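Thank you all for making time this morning. I would like to walk you through one structure, starting from a single loop and working outwards from there.

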Amino acid sequence: MTFPDRLLHFLGWAGAALLGFGVVFPFLIGIGASLLAPSDLLNPNVGEWSLHPENYLRVFTEAGLGAYFMNSIIIALSTTVGTMITSILAAYAFARMEFRGRNMLFWAVLGTLTIPELICIIPNYLLMAKMKLVPSIWAAVLPQLASGFVTFFLRQHFMGVPKVYEEAARLDGASHFKILVDVIVPICWAAIASMALFAFIAQWNSYLWPLIVLRGDTQTVQIALANLQASVREQPFTDWPLILAASCVVLLPSIVFFLFAERQLVQGAGLGGIK
Amino acid sequence: MRILRPYLYLLPCVGLLGLFIYWPIVYSAWLSIHQTNILNGRSRYVGFDNYLELFGSDQFHHSLWVTFLLMLVSVPPRLILALALAHLLRESHAFARMLRGIYFLPYVTSSVAISVIWSWMFNTDIGFINLTLGAIGIGKVPWLQDVNLALVAVGIVAIWKQLGYDTLLFIAGLNAIPDDYYEAARIDRAGRWRRFRDITFPLVAPTTLFLLVVSVIDSFQIFTLVNVITRGGPANGTDVLMNFLYYLSFTLFDISTGSALAVLLFLGLVAITLAKLAFARDKVNYDLS
């Protein structure tokens, strides 16, 4: 490399590193400010600041977010379990069974990936309201029990399982269901687990649909957090550290997920060419 | 029984997708040409009245404009920045891997929680950004109170959230270009800019087009950031189409006009997707040989 090339390269990396710091900065400053007293945020004299880790306790006591956390966990867990069951069954049928209309049905499942949520909101709301499920956790769960993406992803993995593994079982007279549970699922366990994590986090982070069908006690923690923030919008002397502590707690599951799944999410992406 | 078995495996998945994703398209279309009273459930056929009402409403034009502006301030910077970053971060050493992870982090985190953190950072009196600007002698900037600045603020958060995803896809696109092309170019003494213009740029065009379409489609659907950071304000300055749709349907409970808007948006997004397919076939070089 010539000198100008080297210099350009170095400057590029310095810029990328600086920007990278900028990207994590909101998380860091958010955590930092969540540990202070409200008055510290207005006080430029750093020496007078004090540490208040009890802000994190106050998220559950004073702001009462505990019940909403439970709602979020229940909704995310039940949608994840439901999605995995429906997707595994469908993925197996697409990967291992011959039947009329298979291609058409597969394209129909794949087609759901391109359909924006916005077209479904009003009809699904009316349907849930008609079934007298608004507001209830059922309304948040029912429309989320199937996923075209998870089905597609698992089908690709199931197709990769060599047929010899199941032939022995079939000679013993094993049913499709037994082959699925005893052969396919154990072999594809890593793919299933990563999709389950993915489904859980997607549900945990979701906002618009729960906002529409949940009220009061049934709300998720995302809605409760948005409400907490809205209640103090643009009032300068509010308890921002408490609100930021609540944000950090809400962020925690997705950050843990990220640390777990970072390899699959990020590092693998550069290898396969998306063209 | 044997013949029915595959369909039994598919029924839960396909049935739910049909009921909650495909049926709503039909039902929305029906709702959009009827006037429905949400209290007693009665519906009356009105033809295209709901659409005409929408076209005549200033708020619809305004929301369309605001959505377009938000797209304009967030999508091009994201794509340009991501392509530049991808050139560096495609390298395989530990530092590049770490940065790839860092850039991607916002993409998987809760939009509500990050919006809350950013709305504190943008807070005029107490936010980190203004405190820093104050320290270097710049007066208070009313980020979320000024109509134009609020849109820029939301745009910054949108860029911040999506940048890592775009970068990853660009890395994949760059890695798919065979090294031979660059070697040949080097032998021909093609400079850095020539190599970018004549090799990299045309060959990442499919990725660029894909990201452009996905970003445009996504930015049509921005809701959470706007709902949490600005609630569509100030003075409707960030009242994007999804915010308007939410307001029509679930604040006013005017589901007829709401459905007309949803159908229009849906058709717009379908048109963009189809245009991409048609364009990709003619203009973009997918195949090297």
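Let me begin with Pro234(B), which sits in the loop between α11 (224–229) and α12 (241–251) of chain B. Please keep in mind throughout that what we have here is a predicted model. The peptide bond that joins Gly233(B) to Pro234(B) is cis, with an omega of about -10°. Two further residues of that stretch deserve a look, the first of them being Arg231(B), which lies in the loop between α11 and α12 of chain B and has a phi near 50°, a positive value in a residue other than glycine. Ala235(B) is found in the loop between α11 and α12 of chain B as well, and for Ala235(B) phi is also positive, about 50°, although this residue is not a glycine.

Are these two residues buried or exposed? Arg231(B) has a relative accessible area of 37%, and therefore counts as partly exposed, whereas Ala235(B) is at 68% relative accessibility and so counts as exposed.

Chain A has a cis peptide bond to show you too, joining Val134(A) and Pro135(A), with omega at about -5°. Pro135(A) is in the loop between α5 (118–130) and α6 (137–141) of chain A.

Let me now step back to chain B as a whole. Its secondary structure comes to 13 helices and two strands, and its C-alpha trace spans about 75 × 70 × 40 Å along the principal axes. Of the 289 residues in chain B, 52% are buried. If we take the contacts in chain B between residues at least 6 apart in sequence, 66% of them join residues at least 24 apart.

One pair of residues illustrates such a link across the sequence. Leu31(B) and Ser259(B) are 228 residues apart in sequence, yet their C-alpha atoms are 6.1 Å apart in space. Leu31(B) belongs to helix α1 of chain B, and because its relative accessibility is 1%, it counts as buried. Leaving aside residues up to four places away in sequence, Leu31(B) touches Thr36(B), Asn50(B), Ile255(B), Ser256(B) and Ser259(B), and from chain A it touches Ile122(A) and Leu126(A).

Staying in this part of chain B, Thr257(B) is found in helix α13 (residues 255–283), and since its relative accessible area is 3%, Thr257(B) is buried. Its side chain is joined to that of Asp254(B) by a polar contact of 2.6 Å. Again not counting residues up to four places away in sequence, Thr257(B) touches Asn50(B), Glu53(B), Leu54(B) and Leu248(B).

The next element is helix α5 of chain B, residues 111–121. How many of its residues are buried? The number is 11 of 11, and among them are Trp118(B), Trp120(B) and Met121(B).

Trp120(B) leads us on to the contact between the two chains. That contact takes 91 residues from chain B and 96 residues from chain A. Together the chains bury about 8,100 Å² between them, with 77% of it on carbon and sulfur atoms. On the side of chain B, the residues that lose the most area to chain A are Tyr9(B), Phe20(B) and Trp120(B), which together account for 10% of what that side buries. Helix α1 (residues 5–32) of chain B provides the largest share of the side that touches chain A, namely 19 residues. Sorted by class, this side of chain B has 66 nonpolar, 18 polar and seven charged residues.

As for polar links, the count between chain B and chain A is zero salt bridges, while there are 14 residue pairs in polar contact.

Finally, the nonpolar core. The largest one has 179 residues, and those with the most contacts inside it are Leu154(A), Phe158(A), Leu180(A), Ile212(A), Trp120(B) and Leu261(B). Helix α13 (residues 240–267) of chain A contributes the largest share of this core, 13 residues. To give an idea of the surroundings of one such residue, Leu154(A) touches Met84(A), Ser87(A), Ile88(A), Ala91(A), Ala191(A), Ile192(A) and Met195(A), once residues up to four places away in sequence are set aside.

How values were computed. Residues numbered from 1 in each chain as written. Chains lettered and ligands numbered in written order. Predicted model: local features only at pLDDT ≥ 70, side-chain atom pairs only at ≥ 80, totals over all residues. Heavy atoms only, no water. Contact = heavy atoms within 4.5 Å. Buried area = accessible area lost by both parts, 1.4 Å probe. Salt bridge = Lys/Arg side-chain N within 4 Å of Asp/Glu carboxyl O. Polar contact = N/O pair within 3.5 Å; in protein donor to acceptor, adjacent residues only side chain to side chain. Helix = DSSP H or I, 4+ residues; strand = E, 2+ residues; numbered from the N terminus. Nonpolar A, V, L, I, M, F, W, Y, C, P; charged D, E, K, R; others polar. Core = buried A, V, L, I, M, F, W, Y, C linked by side-chain atoms within 4.5 Å. Buried < 20%, exposed > 50% of the residue type's maximum accessible area, 1.4 Å probe, protein only.
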